2 protein chains.
Amino acid sequence: MKILDIGEFGLISHIKEWVKKENPEVFRGVGDDTAVISLSRYKYLLFTCDTQVEGIHFLLSFTTPYLLGRKSIAINVSDIASMGGTPSFALISLILPQETELSFLSELYRGLVEEGNKWGVTIVGGNISRTKGPLTVDISLLGEVKKKHLKLRSRAKEGDLIIITGHPGRSAAGLKLLQANKSKDFSELTSAHLSPTPRLREALLIASYPEVSSMIDVSDGVLQDLGHILKESSVGAIIKEDALPITEYLKQAAEVLGEEAINLFLNGGEDYELIFTVSPDNSEKILKKVKKETGTNLSVIGEINDHFSNISLITQSRDKINLKAGGWDHFKDIK
Amino acid sequence: MKILDIGEFGLISHIKEWVKKENPEVFRGVGDDTAVISLSRYKYLLFTCDTQVEGIHFLLSFTTPYLLGRKSIAINVSDIASMGGTPSFALISLILPQETELSFLSELYRGLVEEGNKWGVTIVGGNISRTKGPLTVDISLLGEVKKKHLKLRSRAKEGDLIIITGHPGRSAAGLKLLQANKSKDFSELTSAHLSPTPRLREALLIASYPEVSSMIDVSDGVLQDLGHILKESSVGAIIKEDALPITEYLKQAAEVLGEEAINLFLNGGEDYELIFTVSPDNSEKILKKVKKETGTNLSVIGEINDHFSNISLITQSRDKINLKAGGWDHFKDIK
């Protein structure tokens, strides 16, 4: 059997089985985007990594080494942020063809350092290896979180509201516009793809509220990542088409692409927005506070129910349809 | 300019310039194999990563996925050990062709977990990415060290003895025998290459002595790695051919290969033995203790002097020759 046949999440299930080691210091291990390790009485250490492979995650005809550097840091910061944590130290592992230009690497590092400085990340080392394959940047990032602020995917409760930051779908639209050579009037969408902003400030505020029961960042797509919360919390969700923050701008892009905007919103990946769940009593207070402090739009898109791992959508015409948690699978889908 | 033209260490100098960020929490950053970060009043956090690329670092015609897993962990453990530290938590970043077999990965993980268990390493997560290039395993590893036991490369002093564990040259001999299809009678040497043993127990004992002024592990070759100590400590070294622990077995292998055993010893990489320097007064005590506790052979091979970055060799015929710090450069040498 090849990994092509079982997909990324199938493989992760196997790895969980292969590793299954009990260590009382490890609060969350294999299976989460970020490992959670006991650091002191009040703090956890967070430890994550993510990879950008040329030809798979980026094309140098669309991006620049500078933007690649920025994005490589940003997506790791987003993983730390989604647990409610603050990023701290990074190692940069470069896997390079021999003919890589020094000027490429100086631009890559300009992006890595600039984005790192923006979020308090210090680059403390790394490794350089040669490859006969594509240029690959693998970053591992440390962070920490107060134990009482840690947010997981596994604690959403029936009745909780489902809230999302910003306007997902922009990154997927930006990528598709670039691929179709139709990106001219959509620089905001291509930027969302090439240079995403991790929601660190928003995440730290959101995580400070005990009423927030779960949180995740949207890397694989809204349905897929909401699906992780549902599966790990043993709950379901109902979301309302009317409530989805789909902008006119995204609708215009969808028209140019001959796609449905709602598909871009629900299934497009790499937005690095946050999805979180919160008990309804205090949701107003949190929404107001986060909007006021960060200027970022937040939308209540639905509610948690008891239909295990199931997502229903109430359409604008009041129909109720079942959605399959889709999203991008690294091995099964050709992007 | 391409990285091929400046080599790995040339590139690292550039990266130091590009990153140059002052952070009082970072005791050692870019340029060392392992980052050293303040963790508490008495402890440092250690943070390192290393990569194995198919076709560059390993060939599946020589090794197995199980042994690849073991070696991938072992070489990272060696980096933590060389600072006097204890390894703790690892992330496994897999960069995989779509057609990778699940059975390959289960064997890889059997090796990763087994070697991890041997040295107290818990695998806490990682990442899976697709590539159109070679299979690549990138591991990042955490560890910690008591501040008073931390060993660096930068503190060797004139008059210190230079001591080495075990019998370097075995790994390079093993690889060359495999490449020449002449490995049949040399399983100990091929094992040294395919499944090296990090000197963690030895390193922890050695690091407990304040008389030990510097330490490094032999990943690039004895001359190259001793060269790092000399450069960073602003000292030189004189070593004696008579004192080098070159076994009859290595000499036999060298003969089969048509090479000089001393070249394998001085320039062969990937031995993961330790080189350390110690003030002569207490060296006897340390040598005895480490040999007794671990059974590992230790040899005094020379002495630190004030000839900056220069290594002289006293040959068996009492000639004194200057050696160039050689060793393997990932980008300049074709292996």
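Two strands count as paired if DSSP finds at least two bridges between them. In this predicted model, one such bridge links Leu96(A) to its partner Arg130(A) in strand S5(A). Strand S4 of chain A, residues 86-96, is joined to S5(A) by eight bridges, and the two strands run parallel.

**The sheet of chain A**

S4 and S5 belong to an open sheet of six strands in chain A, ordered S1-S2-S3-S6-S4-S5, in which the pairing is mixed. The edges are formed by strand S1 (26-28) and strand S5 (122-130) of chain A; each has a single partner strand, so one side of each is left without a neighbour in the sheet. From one strand to the next, the twist averages 20°.

**Helices on the sheet**

Two helices of chain A are described here by the strands they meet.

| Helix | Strands met | Angle |
|---|---|---|
| H2(A), residues 65-81 | S2 (34-38), S3 (43-53), S4 and S6 (136-146) of chain A | about 145° to S3(A) |
| H3(A), residues 102-119 | S4 and S5 of chain A | about 150° with S5(A) |

H2(A) lies across its strands, and H3(A) packs on the sheet. The axes of H2(A) and H3(A) also come within 6 Å of one another and cross at roughly 35°. The crossing of H2(A) with H3(A) is right-handed. On the H2(A) side, the residues that meet H3(A) include Tyr66(A), Leu67(A), Ile73(A) and Val77(A). Among those in H3(A) that meet H2(A) are Phe104(A), Leu108(A), Leu112(A) and Trp119(A). Sorted by class, this helix contact has twelve nonpolar, four polar and five charged residues.

**Contact between the chains**

Chain A and chain B each give 58 residues to their contact. On the side of chain A that touches chain B, the elements giving two or more residues are helix H1 (3-19), S2, S3, S4, H3, S5 and S6 of chain A. H3(A) thus takes part in the contact with chain B as well as packing on the sheet. By class, this side of chain A has 29 nonpolar, 19 polar and ten charged residues.

**Relation of the copies**

A turn of 180° with a shift of 0.0 Å along the axis lays chain A on chain B with an RMSD of 0.0 Å. The two copies are thus related as by a two-fold rotation axis. Within chain A, the C-alpha nearest the axis belongs to Gly133(A), at 2.1 Å from it. Of the interface residues of chain A, 100% are also interface residues in chain B, so the copies meet through the same surface.

Notes. Residues are numbered from 1 along each chain as its sequence is written. Chains are lettered from A and ligands numbered from 1 in the order in which they are written. This is a predicted model: local features need pLDDT of at least 70, side-chain atom pairs count only at pLDDT 80 or more; totals for chains, interfaces and linings use all residues. Helices (H or I, at least four residues) and strands (E, at least two) are DSSP runs, numbered from the N terminus. Axes are lines fitted to C-alpha atoms, for helices over the stretch in contact, and angles run from 0 to 180 degrees between N-to-C directions. Two residues are in contact if their C-beta atoms, placed from the backbone, lie within 7 Å. Ala, Val, Leu, Ile, Met, Phe, Trp, Tyr, Cys and Pro count as nonpolar, Asp, Glu, Lys and Arg as charged, and the others, Gly among them, as polar. A crossing is left-handed if the near helix is turned anticlockwise from the far one by less than a right angle, and right-handed if clockwise. Copies are superposed by least squares on the C-alpha atoms of residues with pLDDT of at least 70 in both.
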